[in-house]
Each structure stands twice: as C-alpha cells, then as structure tokens.
Amino acid sequence: MLYALCFLLFTIGLYCAVTKKNMVKIVIGIMVMEYAVNLFLIMLGYRMGGVAPIIGRSDLESGLGGFVSKSVDPLPQALVLTAIVISLGSLALMISICVRTYEKYGTFDITQIRRLKG
Amino acid sequence: MSVPLPVFVAIPLVTAFLLPVFAKRGKAVATVLANLATISLLVLAIGSIGQSRVYEVGRWSIPLGINLVLDGLSSLLLLAISVVSSAAMFFSIRYMEQYTARAKYLSLFLLMVAGMNGVVLSGDIFNLFVFLEIASLASYALVGFGCGHEELEASFKYMVLGSIGSIFILFAVALVYGNTGSLNMAYISEAIQSNGLNPGLTFALGLFIVGFGLKAALVPFHAWLPDAHPSAPAPISAMLSGILIKTLGVYALARVVFNIFGISLATGWLLLTFGIVGMLVGAFMAFGQWDLKRLLAYSSISQVGYVMLGIGLGGLIIAKDGNLAWASLAILGGLFHLLNHAVYKSLLFLTSGSIQMSTGTRQLREMGGLAEKLPVTRAACTVASAAIAGIPPFSGFWSKLILVIASVQAGYYWVAAIIVFVSLCTLIMYLKVQRYVFLGELPENLQEITENRGSMLVAMVSLACLCVLMGLLLTPGLRASIFAPAVKVLVDGVSYSANVIGM
Amino acid sequence: MKGMTIIVKTISSWVKVLIFLFGIYIILFGHLTPGGGFAGGVILASSYVLLMLAFGREFAEKTLSVPFASKLDCVGALLFAAVALCGLLYGAAGFFWNFIHQKYLMGTDYEFNLVSAGTIPLSNIAIGLKVGASLFLVILTLSMCCKDFKPGSTENEKE
Amino acid sequence: MAVFYILLLFMIIAAIIAVETDNLLSSVICVGAIGFGGSLIFLFLRAPDIAITQIVVEVLGLIILIRATISRDRTFITGDREFFGMVVSVVIIFVIFLAGMKVFETLPAFGTPIFATVGDSASQAYITEGMQKTGAANLVASVILDFRAYDTLGEAAVLFTSIIGATVILRKKAKKLPEEPDQ
C-alpha cells in the first residue's frame, strides 16, 4: 500500500510534466517524479524495526550478530545518494535553460515558444 | 596489448576535468589535449578488437563491486564511438572558431564520450544509468550551445523528454532491484532465468523499453530529435545522430532485452515494429523538409529503424526457435548498418556544417550551384549520399543487402519489400539534396564564398575514405574478428550471465 | 542586489562560520557518522550562499571569485580521479582499489579513528571540495544572469 | 507504520498543490514541502545519510528554483495544453498507474527487504563484512566510496557536466566571427 502511494506521487509528477505548459511547472513535475523514485528505492531496503546501517562502538563490543539481523539495506541508500546528486545537477542545468529561454522569449509559456515547426 | 578497461573512461574524464583550467590562456593547448585524448581512445579501441575481458573495479569480486565487461558488442560500439568522436573533434578545431567558450565545449564533448564509453563497458545496471546521465546531460548542454532562440527551445524539449526517459530507467532499475535483489546484469539475468518473469519484472522491461526508446528516438518517442539534432553545432549533430542515439538507445536496449531479460516473441515483434514504423515515418517526414540539417535528422530516424529492424528480426527468429544462422545474419545486418550509419551520417552532418559555415544558411531553397565553389565538400557529400542510399560499391548497400537476404530467407517477404521501398525513398531524398545544394544556379549573394580549409577538410576526407572502404569489413578475416563476436553476444542471449560469471 | 539590513548581516557573518565548520565536520567524519562528501560539500556551498544573500553578490564574489571557484571545482574532481588512479600503481587491476586500507591498515586496531578506512576520507574531502565549489558556482552564475534582467526586453543579439 | 502514511499523504497533498496552483512561487514552496516531508520519511526509514543530504540539497534546490521564478511569475500562465492531447496523455498515465498497481504485489511486503531473502546478495555481505573489509563504520560511506566508488566517480562527473553546462548556457555572448579572439 505504501508502494502504491509512492507510485501515486510518481504519476502526479508525470501528469504535471506531460500536461502543463509552464516551463517551471514541467521542471517541478520532473522533480516530483525524482522524489518518488528515491523514496521507492529507500522503502525497498527498509526492515521492520531496523536500525541505520552505521556500526557503533556498542555493536562492535557485543558482537556484530545483533546488528546484522537488524540493519536496513545500505545498498539502496547508496544508490539514492547518487540519484539525489544527479537530480540536483539536472535541476541546475534545466533551470539555467529555463532562465535563458525566458531572457530570449520573455515568457515561460511553452505554447508561445514555438519557433521550430514540429 | 591489453590495457585495464577503466582507462577507456578515465582518459576522457580526466582530460575533461583538466580542460577548464585552460579557460583563459592556452586555448591551443586545450585543443591539442582534447584531440590527443580522442585519438588515443581510437588507438585503444582498435587494439581491443576481438578481446573479451571482465574487469572488477576496486578488486571487489561481483556482486560486491561493479564490473566492466568487454565483449564483442562493446568493442564494436567502442570502435564506432572513437571513430566518430575523433573525426568530429578534429572537425571542430576550425568549425568552433564561430563560438566562444572553446575550453568548455571541449570539456563537454569529452564528458559525452566518457559517458558513452562507460555505458558500453558497464556490467552493472545502475552504473549504466549513471553514465547514461553523464552523456545525456552533456548532450543537453551541447544542443543549447549556440544560445539562440531555436537552440534553447530544442534543448529544453530534449532535456524534458530525456529526463523523463532517465527517470523511467531509474524506476525500472529500482523495480529490478526489488524483485531480484541484485544490480549486476549477470546476476539479474541468472535470477530471471531461475525464477521466471513476474509482473513486476515485465513492467520494468516495459519501462526500460520506453526509457531507452526515448533516448533512441524510436518512433512514438521521436518528437525531440528533429529539433535537437539540427540545432546543435555541426560536429555535435554528427556525434548525436552518428553515435549517441545508438549507444544510449539501441545498444542499451539490445543489452537489456537480449542479455538480461531474454528475448521473447512479444519483445521481438515489438522491436521489429519499432524498426519498421521508424523507417517509414522517418523517410516520409524527411521528404517535406527544406532545411538541410532537419532533413538529415529525419533521415536518422529512418536509418535507426533499419538497425532496430535487423536486431528485432534476429530476436524474433531466435524466439521462434528458427534457424540461428538466419538470426545471426539479420543481427549482422543490423550491427553492420549501425557502424555504417555512424560513419556516413556523421560525414553528412559534417558536410552540412561546412556548407552552413560557407553560405550562412541551411535552407535548401537559398542554395544551389555550390559544386564549383565547394569541390571537396561536394565530393564528400556525394560519397556519403551514395552510401546512405545504398548504391552498390558503397557500404550502405552491403548492410541493406544482408538485411534483405536475411528477411527473405526467414520468410518475411514483406519486410524485404519495405526495406527496398525505404531505400528507394532514401535515394530520392538524397538526390533532392544534391540537386538543390550542388547543382542548379548559384544565387547572387553566394558568389564570393570559398571552400573551408584546414581541419574541416581533413576530417571530411578521412571519413569519406572510410565510407568507401567500409565494404571491406565484410571480408571473412575482418568479419570474423569484428562482427562475429558482436553477433554472437546477442544470439547467445541470456548465456551472457554464465559467460561473465565464468570469466 | 545590495544586500539586506544590518541585523541580517551581523547574524549571518557569525552563523556563516558555524555553518562552514559544520560542513567541514560532516566531511571529515563522513566515514564514521551520517553525512559525507556530498552533504558536507552542499553545506559548505550554502554558507557562501548565505553570505551572498545577506551581503549581495559582489561581496561574495570578492571572497571567492568565479575563476577561483571553477578551479577548485576542477581540482576536486581531479583529486577524486587521482584517488582512483593511485590504485593502478599497485597493478593493473587496482582501479579504485582502497590501497591504504588493504595494504597498510588492515588488521590493525584502529576502528572509529579519523584515519581509518583508507581512501574513503580522502575521497570525501575531494568530493566535498568539488561539490561545494560547483554548487556555489551555479548559484553565482544564476544570480549574475538575474542581475541585469528586465522582463520582456529580449536582447537584440544578431543571430 | 502510521507515520509513513501520514508523511506520504502530506507529500502527495503538497505535490497536488504544487501541480495545480497558478502562482509559481507557492508552487515552488510546495516543492520544498515535498522535499522536507521526504527528508523526514528518510529519517524514519533509518536512512540518516539520505535525510541529511536530502535536506541540504533541498535548501539549495529551492534557492535555485526561487532565483529562477522570482520577479518572473507576473505573467500567470493558466490552463493546460490543447484538449485532445491532454485527454490522451491523462488516459495513458491512468493506464500506467493501473498497470503499476498490479506490480507492487510481486515485491516483498514492506518491511521485509529483498536482501534478507536472497542467498548471496551483496547487501548481506556489506552488512556482515563491510566494516572489516573497508574499515568504515558508516556502511553507506563504505558502499559509495569503496564498493561502488566507480558510481561515485560517474556522479561527480554528472555534477561537473551540469555545472559546465549551466555556465555555457548562461554565458553572455555565444557566437563570434571566426577571426575574433575569445574574450
């Protein structure tokens, strides 16, 4: 059920990116999709009643067994860290294209930015 | 000579990191460094033909770490990338004099090359996504490099569709991880073979097809290509049309469909349909264009259709348990066409850049009679047009012939008919280019123009020579070392995992 | 952009130092506690962004000029690539090999020390430098573009 | 468990407002709300690294977005694209949504991660041997900077690309005559 809500967030983003005609709104839609995917990845690695994948001194002293049976999955967290930075990079590039386009055309409305046919 | 595989990524990446330091002074140094990087990649790519290796990054055995896989298909793509990128890089020495920010241009160019090499070599599905993002982001920025109205509009459109494609791919990666618990392609493939496809994995496959289809501009997803490719500077158009859509789209799709999920009847038909629809739509749309580069861009859609047709037909025959010899022939046709198209389409875009730099226009109606003024460009353009239209001694003829033979042998006569028909359309299209650009009356305002000199000529002439000689790649010795391993990778399908884990 | 009132300026000049130190802490202890190169780098960048918002763009540019930031960006990326390439010194299979840990520190009793984990802290520092410089650069360029901006007046550049 | 539902519903409501409001500035602020909600969820999902990164990235991302929209949202752009295309895309999205609903039944139930059920998974090895093999107590750091450091190199390159790309797109003068020197 939580997965489904997460997918709903994804679809809202997709809807925004596909149907809106304001450039910034399109960017926002893409950002929402990225949040949803990141959240989905982290959820995949969650363990009920788990602990963060960081080993403390007490864990080491009492043997790693307790930690191993409770830790959540560190791999999706590493992937999401990468994905967050990638999305920040593409956000920066996208916003600079938007700003520059606004400077040229004086509007964010993509129906008025139509020099190219097709 | 066997170099460690990460060198293919490290050389362009480190050079790209180094170049912006030369921003103010030393533009010449930056240019020389960038050219050295692409040429050394070319040498390494030629040296790696026929090898197959696995490299474990950080000495972590899979699945702990990431592995890089060099097999026949990867080395074919590496060769194509390095040939096109060194020609385009050499061409841009003179061509990019029209633009500012030279060092940043070179840096972005090399980042794009690094991204493509990373995609081709990667054996890990998430790593493939990361490098795909590098190449895509660099190409979004390069499409908008001119900062004019059209460039920015095309760049935004490309970036939105490309980002949606990337997110679909990431979502598919997440689903695959959730269902198999692994990110390594070989392990995923193994898990799918032992547990079978469940609805989650099928949905992930669908997302992969849409995502890579957006990158490859397969027909329902092609809306960005006719805007983005003409708007970029000519060497970048050559890179985008020549190699980027094939690496990020066709290669990645073929790898995922054939080697990870395993080809099935439905995916075989789907790829074949993508190919045929792309061929027809691209050819018809190209007829009506009066903008030279836009015509070339639509023609790219049609030519990528040929590649998809070859691969899809081969997959279909494999899925139907047909004769494997025919399947390999169809895939050979597709891959040979991929290599051919990389060479002649980039040559055509380079000649269009040369024409645009001389005349200052891209509109076919405003040109004419340039044959005397631009003799070398004309010769190169004629060679490339003959090759793309499939006139016998040139390379395009052989790949189309192989595709026709394969489809006739496998009993798909209608496919063969479509191939011949689209080939005729292509011929007419390029006759139109020849007629309006090089023949006819020379307009008043173009009396003074002269042929471009220097690096642009060298790049065009060397690609034209390659274009003439490409037919030789089908001689048995070269074919066995270049194409046979690549075809074998796709025909073997999911035994990829056993090969990689065993290597 | 001239900057904000004196209250904001005074507070932010104090807070800026704290944020900067916090960023350095996050980077250095990335292998022991939550955080790491990316988070720390972004925090470093945000300390400069705070300076820019409070004092105006010119002041921030004076503290960290654009060419210098772009050099730092390149240096950070090169350092990270160098960490990767250093592994190659120990044989052709050593790309990204954690040579310090595997060769020198393995088996010694050094857990939870700052110098544990071999190349990981080095990579964290390189990435922190890179991320901080590049994000500061992005915001600076974006605000430079906004400076002489008048809505509707598209420039008459010859295309 | 309930906290996840509450936070996710909060994020979804914020997303709907961000999508549907006409004022760009409020839309951007709602994006910030989604991001902070996401950061809280990450904290509850035992991912403190991600929570920290998400929150600081969110701050910078908001500054970038506000830079882009401030003083530019005077022209309210209302309405959507042409009706027919809109209907088609909404139908396609709805179909994707319905197809996706089926998919989540095949995943392991929430709270039982896949790595615990697969025998030779990488994550299990990271948890049991990661500390000893890399020496880092933070296993996420050991994964991103040692086991999968090659990904991180790619990620640094992505950031580098986007920064170079942004400065290229925003430069003042793009074209010049071939003979003219670069400034």
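User: What makes up the contact between chain C and chain D in this predicted model?

Analyst: In this predicted model, the contact draws 45 residues from chain C and 32 residues from chain D. Two residues count as in contact if their C-beta atoms lie within 7 Å. On the side of chain C that touches chain D, helix H2 (37-55), helix H4 (66-86), helix H5 (99-105) and helix H6 (119-147) of chain C each supply at least two residues. H6(C) gives the largest share of that side, with 16 residues.

User: How do you know which class of residue the side of chain C that touches chain D has?

Analyst: Each residue is placed in a class by its type, with Ala, Val and Leu among the nonpolar ones and Asp, Glu, Lys and Arg as charged. By that division, the side of chain C that touches chain D has 27 nonpolar, 15 polar and three charged residues.

User: How many helices and strands has chain C, and what share of its residues is buried?

Analyst: Chain C has six helices and zero strands, and its elements run α-α-α-α-α-α from the N terminus on. A residue is called buried if 20 or more other C-beta atoms lie within 10 Å of its own. By this test, buried residues make up 48% of the 159 residues in chain C. Of the contacts in chain C between residues at least 6 apart in sequence, 68% join residues at least 24 apart.

User: How do you know where the pLDDT of chain C is high or low?

Analyst: The score runs from 0 to 100 and gives the predictor's confidence in each residue. Chain C averages a pLDDT of 77, and 82% of the residues score at least 70. Among the elements of chain C, helix H1 (residues 6-28) has the highest mean, 87, and H5(C) the lowest, 71. Over residues 148-159 of chain C pLDDT stays under 50, and the model has ten contacts beyond four places in sequence for them. For the complex, the predictor gives an ipTM of 0.91 and a pTM of 0.93.

User: Why is chain B called as compact as a globular protein of its length?

Analyst: The secondary structure of chain B comes to 19 helices and two strands. The radius of gyration of chain B is 22 Å, and the globule rule gives 23 Å for 503 residues; the two values are close, so chain B is as compact as a globular protein of that length. The C-alpha atoms of chain B fill a box of roughly 70 × 55 × 45 Å along the principal axes. Of the 503 residues of chain B, 67% count as buried.

User: How do you know that the span of helix H16 of chain B is close to the expected one?

Analyst: The expected span is 1.5 Å times one less than the number of residues. Helix H16 (residues 413-437) of chain B has 25 residues and reaches 36 Å from its first C-alpha to its last, close to the 36 Å expected. Among the buried residues of H16(B) are Val415(B), Ile419(B), Met429(B) and Tyr430(B). Helix H11 (265-287) and helix H13 (324-359) of chain B are included in what covers the buried residues of H16(B).

User: What makes strand E1 and strand E2 of chain B a pair?

Analyst: Two strands pair if at least two bridges are found between them. Four bridges join strand E1 (residues 53-56) of chain B to E2(B), and the strands run antiparallel. The bridge partner of Glu56(B) in E2(B) is Asn67(B). Both faces of strand E2 (residues 67-70) of chain B are covered, with Asn67(B) and Val69(B) buried on one side and Leu68(B) and Leu70(B) buried on the other.

Key: Residues are numbered from 1 along each chain as its sequence is written. Chains are lettered from A and ligands numbered from 1 in the order in which they are written. This is a predicted model: local features need pLDDT of at least 70, side-chain atom pairs count only at pLDDT 80 or more; totals for chains, interfaces and linings use all residues. A residue is buried if 20 or more other C-beta atoms lie within 10 Å of its own, exposed if 12 or fewer, and partly exposed in between; C-beta atoms are placed from the backbone. The radius of gyration is taken over C-alpha atoms; the globule rule is 2.2 Å times the number of residues to the power 0.38.
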